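Thank you all for coming; I would like to take a few minutes to go through one model with you, moving from a single residue to the pockets and then to the cysteines. Please have the structure open while I talk.

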Amino acid sequence: MSDIPLRDHALLSDCGSAALVTSGGSVDWLCLPRFDSPSVLGRLLDDSAGHFSIAPEAPGCTSTWAYRATSLVLDTTWTCPEGELVVTDAMALGAREQGHELGRTAPGVLLRHVRCTRGSVLVRVEFAPRPEFGLVHPRLTATDGRAVVADGGATVVVLSTQMDLDISEACATGMITLREGQELTFALGQGDAWGPAAKAWTPRKIRRRLKGTESSWRSWSVLHQRYRGPLRDLVHHSGVVLQGLTYARSGAVVAAATTSLPEGVGSGRTWDYRYTWVRDASMTLQGLFVAACPDEAARFFSFLARAAATQLDRGLHLQIMFGIGGERDLTERELPHLDGWRNSGPVRVGNDAWGQYQLDVYGALLDAAYTLRGELGDMDEATGRFLIAAVDQAAALWREDDQGIWEIRGAPRPFLHSKLMCWVALDRGLSMAEQLAVDPARASSWRDARDEIRTAILTSGYSDSAHAFTQSFGSDDLDASTLLMVIVGFLPPDDPRILSTIDAIERGLRDERGLLYRYRSEDGFAEPEGTFLLCTFWLAHALALSGQLDRARQTLERAAGYATPLGLFAEQVDPTSGELLGNFPQAFSHLGLINAAQALADAEQQSG
């Protein structure tokens, strides 16, 4: 059973695919060539699904680890009785990738470099590739001392190494004693079984690409890291993580690097997050501080315009999520041969939420476009037409019920957040009317619809008994998403209804650790979920906007305290144990930190 705590995993990314490495030196998750590809190494979800470990063999060794500054290049330092060992891990970036080009030509190769820095250390290596989520147990062959080739199924996996490995039962293992100054190099890549043979990497090439990869990450950070305020280092690192969750070839952003990590052990809440949600990705783009990065803004909106091409023109609802290459059919299926992390199956690939009806996507899309309007400039005709159609849809459909932001798998409801985001779509569309070349008659109809939504929310969305805006019209149930009412500017932050909503949510949805649940109403699952880090960051954000700076800082620091030692956030926190839950690392959590910290920094500056 795979049961290593999520906090003991590190993210590696080449802005195309991702790997997770444990603090014990094992790569237990690797999907190639894309984030959403079947795993090559999948022990994260089942002990038999493949791993690649490098660690000292001697007992009594301890390890520490850290990313190199402003990068996702990882150093793990092992201190042993007889010596010290440093293992450096990274997903290789392309040789000429700098700044905005990060990840565009990445080769899809995992790099591992091992060096003894003091004394001597006995090192054990285990390589057990299991393509297609562990269904394939390939035939392993050593080739002239330079590589181990794993052949089986539709792919060929190649491990480049100068080390002699013993091969048995689809596993290559070996031990070697390294003395001070000695080193080992490894490169793991995958190719098409029916295409040209994958080439081995030389030690010199591996060392050169590791150095170049670190340089590429730093070149990106120089262009994006402008934040000055609370938790500066963690905020900067969150920006790097969000970029690491971006599929550079299309501009799409994945919600997380994994699938099926449970939102509660044994809860059945196991979903595939390796896709791009229109809502999440739009908000993430805002959190990347891309004010001086028109290439990235334009690339993302062009991706959405292509992915959703003609959907709105044909009178269809805007799909809420897409594959990172623009794919629309994300049909969900289960993998019964995998037990799941801590036996918390089912393991799922695909996500049937792609077929859900959610109205909030229009507001998230237009809010991001408005934030980045300066970077979009004279946008191309297809993008402009797409944004206008999205506003038209919000005006036409806002009265309808839907599944809401949390994708509740039940009957549609009149969710307040969905109505709110339709208001945002119309409000931002009106603010961009000149840039979008909207004619006066259309703008007038947008204005009328915006006013109607506002009236409906104020009339039907507030509960006198709950002293709060609530989850849906006519309901008394609290929902953390109503905190966005102040964040998107629907009401001024000193409005008594906003202040009472903030207080009601903090009282009614907070657990003993001071973290917020999304909601506590029925959602069709018997087992509960954890508290939601994004919602706690929303609370900090709302408190900062309403001038409650001490409460805001306390809330922000409380939620930020659930970052791993490497500065990574999961989706949720177990209310009993405090352990991280859900797919990992979670883009929404990192985004929440960035936006809340920025709001607090701005509020503190304004207060003098």
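When I say contact, I mean heavy atoms within 4.5 Å, and please keep in mind throughout that what we are looking at is a predicted model.

With that in hand, let me begin with Thr-482, which sits in the loop between strand E23, residues 468-469, and helix H10. Is Thr-482 buried or exposed? Its relative accessible area is 3%, and because buried means under 20%, Thr-482 counts as buried. If we set aside the neighbours within four places in sequence, Thr-482 is in contact with Leu-416, Phe-469, Thr-470, Thr-501 and Ile-505.

Now to the pockets. The largest pocket has a volume of about 710 Å³, and of the 26 residues that line this pocket, Gln-286, Thr-371, Ile-487, His-541 and Asn-595 are the closest to its centre. Several helices each supply at least two residues of that lining, among them H3 (278-287), H5 (360-371) and H12 (533-545). Which helix gives the most to the lining of the largest pocket? That is H14, with eight residues. By class, the lining of the largest pocket comprises 14 nonpolar, eight polar and four charged residues.

Since H14 has come up, a word on its geometry: at 1.5 Å a residue, its 21 residues should span 30 Å, and the C-alpha atoms at its ends are indeed 30 Å apart, so the two values agree. Gly-608 follows H14, and its phi is positive, near 85°.

The second largest pocket has a volume of about 240 Å³ and is lined by 16 residues, with Tyr-67, Ala-69, Thr-70, Asp-233 and His-237 nearest its centre. Here helix H2 (232-244) gives the most to the lining, with five residues, and the lining residues divide into eight nonpolar, six polar and two charged.

Finally, the cysteines. How many disulfides does a search of the whole structure find? There is one, formed by Cys-61 and Cys-80, with their sulfur atoms 2.3 Å apart. This pair links distant parts of the chain, since Cys-61 lies in the loop between strands E5 and E6 while Cys-80 belongs to strand E7, 19 residues apart. The link is right-handed, with 120° about the S-S bond. Cys-171, by contrast, has its closest cysteine sulfur in Cys-31, 20 Å away, which is too far for a bond; Cys-171 is nevertheless buried, at a relative accessible area of 16%.

Notes: Residues are numbered from 1 along each chain as its sequence is written. This is a predicted model: local features need pLDDT of at least 70, side-chain atom pairs count only at pLDDT 80 or more; totals for chains, interfaces and linings use all residues. Side-chain values use heavy atoms; hydrogens and water are left out. On a 1 Å grid over the protein atoms alone, a cavity is a set of points where a 1.4 Å probe fits but cannot get out, and a pocket is an open set with protein on both sides within 12 Å along at least five of seven lines; lining residues have an atom within 4 Å of a point. Grid points are joined across faces, edges and corners, and a volume is the space filled by probe spheres set on the points. Helices (H or I, at least four residues) and strands (E, at least two) are DSSP runs, numbered from the N terminus. Ala, Val, Leu, Ile, Met, Phe, Trp, Tyr, Cys and Pro count as nonpolar, Asp, Glu, Lys and Arg as charged, and the others, Gly among them, as polar. The expected span of a helix is 1.5 Å times one less than its number of residues. Buried means under 20% relative accessible area, exposed over 50%, partly exposed in between (1.4 Å probe, protein chains only). A disulfide is a pair of cysteine sulfur atoms within 2.5 Å.
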